[in-house]
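The following paragraphs lead the reader through a structure, beginning with a single residue and moving outward. Please keep the sequence and the model in view while reading.

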Amino acid sequence: MVETSLTNEDTIEENAIETCTHMNRQLYLSDNNIKVGVSMSKAVSSFNFLTVITLSYTNLENGGAIALVNALKNSVPSLQVIEMAGNNITYEAAPAIAVFLAAKRHLKKLNLSENNLKDEGCLEIVKSMDGLELEYVDMSFNDLRREGALGLARVVIKKESFKMLNIDGNMISVKGIEEIKEIFKNCSKLLGPLDKNDPLGEENEDHEESEGNMDDDDLRENLEDFEDEFVSVFIFY
């Protein structure tokens, strides 16, 4: 396994290539305080033998993530694990990730936790999961709401070899949680804990969105009601 905590990007790339070429089929570059994605993507695209790629907490962001998956979509045919947690990946990178995943039918584990995919990004990625042999999916702490979480749950539950879904730390409503638990009612062990989910997060966002969508006529009507009530109270006294 390639493991390093070096701080120089060129040194990391050089050492990773050398070690990975001469040792085994795992590339591990997590917890480095540099941007790895763009520079490493050129190198790893030639590593067809890789089965594990772990690039969590490497400041990939959208640019690095897109460069990486684009470089890998036509290589690493036997990839079983891809981990890109904590990289500030948003919906912008989701279409490229989905195309990459669709070509990795042997993939067993997908870890995209602690990013910012939201429902839009999650659902885009879910489209690519039907033909995969997934066993573990981690989409925790991604600001998912009911729609995204349900879409993900409905896909993974159909997989015969599936073992664990982690969607904790999101903003799934109480109704959404109940629906997800219903999906997993006959195999509850496949659903991770939801202790850190914030069910009020979705409700608060819906409320704020509703207030933000109030048009001028609604505001005028509310103001007139207030004025009528104020006048009535004034006359009463």
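In this predicted model, Glu83 has a relative accessibility of 14%, and it therefore counts as buried, the limit being under 20%. Its partner is Lys109: the two form a salt bridge in which the closest N and O atoms are 3.4 Å apart. Because Glu83 belongs to strand β3 (residues 81-83) and Lys109 to strand β4, this pair ties together parts that are 26 residues apart in sequence. Lys109 itself is partly exposed, at 30% relative accessibility.

Lys109 also leads to the sheet, since it stands opposite Tyr136 in β5. Strands β4 (residues 109-111) and β5 (residues 136-138) pair in the parallel sense over three bridges. They belong to an open sheet of six strands, ordered β1-β2-β3-β4-β5-β6, with parallel pairing. The edges are occupied by β1 (26-28) and β6 (164-166); each has a single partner strand, so one side of each is left without a neighbour in the sheet.

The helices offer a further salt bridge, between the side chains of Arg146 and Glu179 (2.5 Å, N to O). As Arg146 lies in helix α6 and Glu179 in helix α7, the pair ties together parts that are 33 residues apart in sequence.

What of the nonpolar residues? In soluble globular proteins, nonpolar side chains tend to be buried together. Here the largest nonpolar core has 52 residues, and Ile125 is one of those that touch the most other members. Helix α6 provides the largest share of this core, six residues. Leaving aside neighbours within four places in sequence, Ile125 is in contact with several residues, including Ala94, Leu110 and Met139.

Notes:
Residues are numbered from 1 along each chain as its sequence is written. This is a predicted model: local features need pLDDT of at least 70, side-chain atom pairs count only at pLDDT 80 or more; totals for chains, interfaces and linings use all residues. Side-chain values use heavy atoms; hydrogens and water are left out. A nonpolar core is a set of buried Ala, Val, Leu, Ile, Met, Phe, Trp, Tyr and Cys residues joined through side-chain atoms within 4.5 Å. Buried means under 20% relative accessible area, exposed over 50%, partly exposed in between (1.4 Å probe, protein chains only). Helices (H or I, at least four residues) and strands (E, at least two) are DSSP runs, numbered from the N terminus. Contact means heavy atoms within 4.5 Å. Two strands pair if DSSP finds at least two bridges between them. A salt bridge is a side-chain nitrogen of Lys or Arg within 4 Å of a carboxyl oxygen of Asp or Glu.
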